[in-house]
Amino acid sequence: TRPTRMTQSRLRNRMHNAFLQSIDAQILQWLQRYGVSLLRISLGIVFLWFGLLKVLGMSPVGYVVQSAYTLLPLEQFLVILGLFEIVVGIGLLTKRALRFVFALLWIEMLGTFIALASAPALFMRESLFALTVEGEFVIKNLVLVAASMVVAGATVRPWRQDSSHAR
C-alpha cells in the first residue's frame, strides 16, 4: 500500500521535530558545558579592564567616586580600587583563590551600592526609577553580583576540614 498524504505529512513533521530536538539538545549541552566558564572569563576581563583603567588614571568614573566618597583622597582611592579589580580579574581568569576573589568582588559591589545611598542626587533624578547615567552604571552592578553568584556557586568548593585538626 502506498502512504497517504496525511501519513507523509506526519512522517515529515516527526523527522523535522526529531531534527530540531537534536539541535536543541546539542545547544543546551554546549551551554551547560561552557556557560559558567564563559561567564567567569567575561567577569574576569571586565574587572581586569576596569581595574587597569583606574590604576592608569584613565577611568571615566573618577568624578562619581569623588562625589560619593568626598572624604577619601581620590587618586589613591582609585588606585586601591583598581588594584582590587585587577586582583579580582586575574583571580577569575586563572581560577585562583576564588573564595578570596569573590569576597573582594562583593565588598567592592557593596561599596557601589553604598555610594548610591550616600549620594542619591548623583544617581537619581526625581524618583527612584528616574536614574541618571551614573545611576544606570551602578544599578547594572546587580547583574555583576548575580553573575558572580552563579560562577561562585559553580566553581568554589566547600571548605574541607583537615582530619588531623578535627575534634
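This is a short tour of the model, stop by stop, with what to select and what is there.

The model is predicted: local features need pLDDT of at least 70 and side-chain atom pairs count only at pLDDT 80 or more, while totals for chains, interfaces and linings use all residues. Residues are numbered from 1 along each chain as its sequence is written, and side-chain values use heavy atoms, leaving out hydrogens and water.

**Stop 1: the start of the chain**

Select T4, which lies in the segment before helix 1. Helices here are DSSP runs of H or I with at least four residues, numbered from the N terminus. T4 is partly exposed, with a relative accessible area of 43%. On this scale buried means under 20% relative accessible area, exposed means over 50%, and partly exposed is in between, with a 1.4 Å probe and protein chains only. Now add L81 and draw a line between the two C-alpha atoms: T4 and L81 are 77 residues apart along the chain and separated by 72 Å.

**Stop 2: K54 and E85**

Move on to K54 in helix 1 (residues 5-55). Is K54 buried or exposed? K54 is buried, at 7% relative accessible area. Show its contacts (heavy atoms within 4.5 Å). Leaving aside neighbours within four places in sequence, K54 is in contact with S59, V61, L78, L81, G82 and E85.

Follow that last contact to E85, in helix 3 (residues 74-94). E85 counts as buried, at 3% relative accessibility. Not counting residues up to four places away in sequence, E85 touches F47, L48, F50, G51, K54 and E108.

**Stop 3: helix 3 against helix 4**

Display helix 3 together with helix 4. How do these two helices pack? Their axes are 9 Å apart and the packing angle is about 140°. (Axes are lines fitted to C-alpha atoms, for helices over the stretch in contact, and angles run from 0 to 180 degrees between N-to-C directions.) That angle makes helix 3 oblique to helix 4. The classes are roughly parallel under 35 degrees, roughly antiparallel over 145, roughly perpendicular from 65 to 115, and oblique for the rest.

Helix 3 passes helix 4 in a left-handed crossing, a term used if the near helix is turned anticlockwise from the far one by less than a right angle. To colour the contact, pick L81, F84, E85, V87, V88, G91 and L92 of helix 3, with L98, F100, V101, F102, L104, L105, I107 and E108 of helix 4.

Within that set, centre on L104 of helix 4. L104 is buried, at 10% relative accessible area, and touches F84, V87 and V88, not counting residues up to four places away in sequence. L104 and V143 are 39 residues apart in sequence and 16 Å apart in space, C-alpha to C-alpha.

**Stop 4: the loop between them**

Select K95 and A97, a pair worth checking on a Ramachandran plot. Most residues other than glycine have a negative phi. K95, although not a glycine, has a positive phi of about 60°, and phi of A97 is near 50°. K95 is in the loop between helix 3 and helix 4, and so is A97. K95 counts as partly exposed, at 48% relative accessibility.

**Stop 5: aromatic rings**

The structure holds three aromatic pairs. Rings of Phe, Tyr and Trp (its six-membered ring) pair if their centres lie within 6.5 Å; planes under 30 degrees apart count as stacked, over 60 as edge-to-face and the rest as tilted. Select Y69 and F77 to see a tilted pair, 5.6 Å centre to centre with 55° between the planes. Y69 is partly exposed at 21% relative accessibility, and F77 is partly exposed at 23%.

Next, choose F102 and W106: their ring centres are 5.6 Å apart and their planes are at 25°, so the pair is stacked. Being four residues apart in helix 4 (residues 98-118), F102 and W106 are separated by about one helical turn. F102 is buried at 1% relative accessible area, whereas W106 is partly exposed at 33%.

**Stop 6: helix 4 against helix 7**

Finish with helix 7 (residues 141-155), which packs on helix 4 at an angle of about 165°, with the axes 11 Å apart. That makes helix 4 roughly antiparallel to helix 7. Residues making this contact include F102 and W106 of helix 4, and L142 and V145 of helix 7.
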